[in-house]
Amino acid sequence: MWSTNNSVNNKENKSNQRLETLGMTSPISMASPKQIDLVRTKELESALNKFGVFESAHELNHRMMVLGKLYFLVKEWIKSVSIKCNLPESVAESVGGKVCTFGSYRLGVHSRGADIDALCVAPKHVSRNEFFESFYELLRQQSEVTELRAVEEAFVPVIKMNFDGIEIDMLFARLFQKEIPDSMDLQDDNVLKNLDQKCVRSLNGCRVTDEILRLVPNVDTFRLTLRAIKLWAKKHGIYSNVLGYLGGVSWAMLVARTCQLYPRAASATLVHKFFLIFSKWQWPQPVLLKQPANASLGFATWDPRVNVTDRYHLMPIITPAYPQQNSTFNVSQSTRSIMMSEFQIGLQITDEIMLGKTQWDKLFDPPPFFTKYKHFIILIVTSSSAKEHLEWTGLVESKLRFLIGTLERNESITLAHINPESYSMPESQKDPKTQCSMWFIGLEFQKINELNLDLTQDIQQFTENVNKHARNIHMYTETMQLEARHVRRKQLSQYLPPGVIRKERQLSLTTVKNASTPDSRKRRSTDPPATESANKKCKISCSEVNSTTFDESSNTSSLVTNDDSSNSFETSLSNTMTSSTVQSAENGPTKTVCT
């Protein structure tokens, strides 16, 4: 009897010890879920079902079939390259090669229609040039493959394709190995020996994804929580690494950190705690899932003590696999401000959900964008063919964050809010022979009387840089056009599909009506008096519009201020790398110095 109890206790102690060692600090709470938490989790799962985030068995089987075909093509290609390198056919048969997945598919949180991130791992005699030449040609010959394009000049070179209805981004890594067996463990740091930077970056996706799964206490609750946070981020327009928000791996690491701090909590509780933690997080204090390790292989890692540029990262979220990198280096002052506001709003909504005052659907209601700002910059991208347009829009999108940075440096602009969704111009407004996409940037300005603002030079510099880059990589053609226009809110109907603004207004009215309680109608201490911004006038001009007078007082957008003083559990959240901040006299970027 005693030995049985001791055995059970020993197992529990080992389990507790494992939970306590996950992450940089011990958990905030080891409490198990209550019955009401399980009920809220069931409600969350039902709400997610409405948005199609769960794939059917048929769709999952189709993905596996496509990956099987891709795996077969990789094997055959590596064999043919080996024979071309004068290896005997018997040896060429055994050199191996493999296809690994990473990202949302590997994490188990992909939704219907989502793409697959894949990595081709090849032995040392197979070059990157072969991947972008002979393997690309092999893919082009497949009847199932469409929208095939190679992006060799990218930071992480990739082949993009649609394989039998599924979007696939395929990377390449050549290991310094004669053979690549299917059983090879890519988590071993030694696989990085003698590799170039491009191969290391390509391997990083698989290594980080697997490490995240290893560092969470309960994979199932992690996955459901991450599905909810990803859907929320997409609905709220803050899911895009390339535009300066957070990408999939960054959201996964924030959720993983939440799981480490509440290792036994149900998914509903974890969603609530996610907003609680990161609405109060002391950025630029970094988020880490484990103590950074140095494999001494000579690759640069994120370390503000050594790398000066790392001190200026605004929202560092550090990948757990060597070489550790900041996954959010694209974040700007504006995008961080927007995300912090959304964290605050998410906390308010989940407070109500956990108290039973509202439903999960409210968390996934998209916030207003076109009715939030009065002034916009519209970037119009046009080209002559679908294939050309795919490449051209991809290049412009990758450069948009530089325009946001330029706008932020203008003293008259307090916020430049880029909407990640691109829109097609209405048929009545464009040439029927061209392809057209548009991005919208909402602007907030300083409350200054008679403000004169000319953005012509900033926008012209941006367009020139994009065109120059397109020429350097031999992409540019005369039919590729990039145009910027400044428009007022009342002019948006000329550019947007019918009903977009009307739908936003209806949703806003519903939200206001639901929030119209006696307490909510009282003016908060942070709200400006009604007359504060009266008679505010300024002028704005850019390359498409001459100086135009407008009334600044109708720009009613606001951000929820993060109250750092309310962080009552700061010591529980702090990582072993403590940071001090230095703010420049000109309100420049915050510097982080790790000690």
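A cavity is a set of grid points where a 1.4 Å probe fits but cannot get out, and its lining residues are those with an atom within 4 Å of a point. In this predicted model, 2 cavities of 30 Å³ or more are counted. The second largest cavity holds about 30 Å³ of space. Its lining is formed by Leu288, Leu289, Lys290, Pro292, Ile318, Thr319, Pro320 and Gln324. Sorted by class, 5 of these lining residues are nonpolar, 2 are polar and 1 is charged.

The model also contains open sheets. Strands of a sheet pair through backbone hydrogen bonds, in either a parallel or an antiparallel manner. One open sheet has 5 strands in the order β1-β2-β5-β4-β3, and its pairing is mixed. Strands β1 (98-102) and β3 (145-151) are the edge strands, each of them pairing on one side only. From one strand to the next, the twist of this sheet averages 25°. Between β1 and β2 (residues 116-122) there are 5 bridges, and the two strands pair in the antiparallel sense. Within this pair, Thr101 is found opposite Ala118 of β2.

Two helices can be described against the 5-stranded sheet. Helix α6 (residues 128-140) packs on the sheet and touches β2, β3, β4 (158-163) and β5 (166-174). The direction of α6 makes about 165° with that of β3. Helix α7 (residues 197-215) lies across β1, β2 and β5, and α7 runs at about 120° to β5.

A further open sheet has 4 strands, ordered β7-β8-β6-β10, with antiparallel pairing. Strands β7 (413-418) and β10 (481-488) are at the edges and have a single partner strand each, so one side of each is left without a neighbour in the sheet. On average, neighbouring strands of this sheet are turned by 25° against each other, direction ignored. The antiparallel strands β7 and β8 (residues 435-445) are joined by 5 bridges. One residue of this pair is His417, whose bridge partner in β8 is Gly442.

Helices also lie across the 4-stranded sheet. Helix α12 (residues 386-408) lies across β6 (375-383), β7, β8 and β10. With respect to β8, α12 runs at about 10°. Helix α13 (residues 456-472) lies across β6 and β10, and its direction is at about 155° to β10.

Terms used. Residues are numbered from 1 along each chain as its sequence is written. This is a predicted model: local features need pLDDT of at least 70, side-chain atom pairs count only at pLDDT 80 or more; totals for chains, interfaces and linings use all residues. Side-chain values use heavy atoms; hydrogens and water are left out. On a 1 Å grid over the protein atoms alone, a cavity is a set of points where a 1.4 Å probe fits but cannot get out, and a pocket is an open set with protein on both sides within 12 Å along at least five of seven lines; lining residues have an atom within 4 Å of a point. Grid points are joined across faces, edges and corners, and a volume is the space filled by probe spheres set on the points. Ala, Val, Leu, Ile, Met, Phe, Trp, Tyr, Cys and Pro count as nonpolar, Asp, Glu, Lys and Arg as charged, and the others, Gly among them, as polar. Two strands pair if DSSP finds at least two bridges between them. Axes are lines fitted to C-alpha atoms, for helices over the stretch in contact, and angles run from 0 to 180 degrees between N-to-C directions. Contact means heavy atoms within 4.5 Å.
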